[in-house]
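Trainee: May I put some questions about the model shown here?

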Amino acid sequence: MRLTHDWEFNVMGIYNYRKIGTFKPMFDYIAENHDKIAGDIVDVGVYRGVTTLGLGLFLKEIGSDKKVYGFDSFSGFPPASNPNDEFERFEEMFSQGKISKAYWEAVQYYWKTIGFLKEGKQLDQFTVSTSENFANTSKELLERKIDYLGLDNIELIEGFFEDTMTDGQAPSKVLAVNLDCDLYDGYVNTFDFIWERLSPGGYIWLDEYYSLKFPGARIATDEFLADKAEKPKMYPRNKGEFERWHIIKNQN
Ligand SMILES: C[S@@+](CC[C@H](N)C(=O)[O-])C[C@H]1O[C@@H](n2cnc3c(N)ncnc32)[C@H](O)[C@@H]1O
């Protein structure tokens, strides 16, 4: 099935790649490189499928026979939390000069506002997001949507990443990754698993490299890239817009 109107994307809860939106640079990169760079697409953090389904439809639309591999527990965040996801890490990053004053101020403003709106509730990495911990989804929900859309290019891998990011579960080559799992451990699992599979010129969208909620994603990214030539790159943005970051793996 082809979706034409914006409202159809909205009703289905799918990212409309035809509009200029958050993920446009990632979709553009895939369109420009899908016949030049080997490998499939990996979506780390599916939730209810906004990006996974958008990627599946998009690949069909550009005539690509690549697949989308979507990793998620489909039951929300893992129960154990890593100290690198705690709010205090933002302050440390600021005092160590790793994030700007404007970033640190934006974080403080966000947590104050959410604290005000969720008065009386203990705020931490499990409750700070508007979707709480993303437990209100299921693999069956995704399968129904995939069926309805008639897509045959999406593989869903259910479970916590530390169990599912194993050899048999993913393509041997990867063109692009949408890394959108919020937490430190998930970023660590993903980098360890994906990097050797990522083709030269391969792409990683870093959804939380600039995040007002989850400091661990940036910490994990910087730790992983510390001994590598590749560094995160920021897209140009208009004043007031969120910073958007990505990595491109070097050719050799
Ligand atoms: C921000 S949501 C993903 C949003 C999604 N890309 C979209 O388009 O709506 C983050 C997802 O990562 C998943 N997640 C985070 N850490 C995980 C882990 N260690 N194992 C499995 N799933 C995890 C959560 O279950 C959640 O659905």
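Trainee: What covers the buried residues of helix 8?
Mentor: This is a predicted model, in which local features need pLDDT of at least 70, side-chain atom pairs count only at pLDDT 80 or more, and totals for chains, interfaces and linings use all residues. Residues are numbered from 1 along each chain as its sequence is written. Helices (H or I, at least four residues) and strands (E, at least two) are DSSP runs numbered from the N terminus. The cover of the buried residues of helix 8, judged by contact (C-beta atoms, placed from the backbone, within 7 Å), includes helix 7 (161-164), helix 9 (216-225), strand 1 and strand 4.

Trainee: How many residues of helix 8 are buried?
Mentor: Buried residues have 20 or more other C-beta atoms, placed from the backbone, within 10 Å of their own. Among those in helix 8 are Tyr184, Phe191 and Phe193. Helix 8 is mostly covered, and of its eleven residues the number buried is nine.

Trainee: Which strands stand at the edges of the sheet?
Mentor: Seven strands form an open, mixed sheet in the order 3-2-1-4-5-7-6, where pairing requires at least two DSSP bridges between two strands. Two strands have a single partner each, so one side of each lacks a neighbour in the sheet. These edge strands are strand 3 (154-158) and strand 6 (233-234).

Trainee: Which residue in strand 3 is the bridge partner of Tyr69?
Mentor: Strand 2 (residues 68-72) pairs with strand 3 in the parallel sense, over five bridges. The partner of Tyr69 in strand 3 is Glu155.

Definitions and conventions. Buried ≥ 20, exposed ≤ 12 C-beta atoms within 10 Å, placed from the backbone. Contact = placed C-beta atoms within 7 Å.
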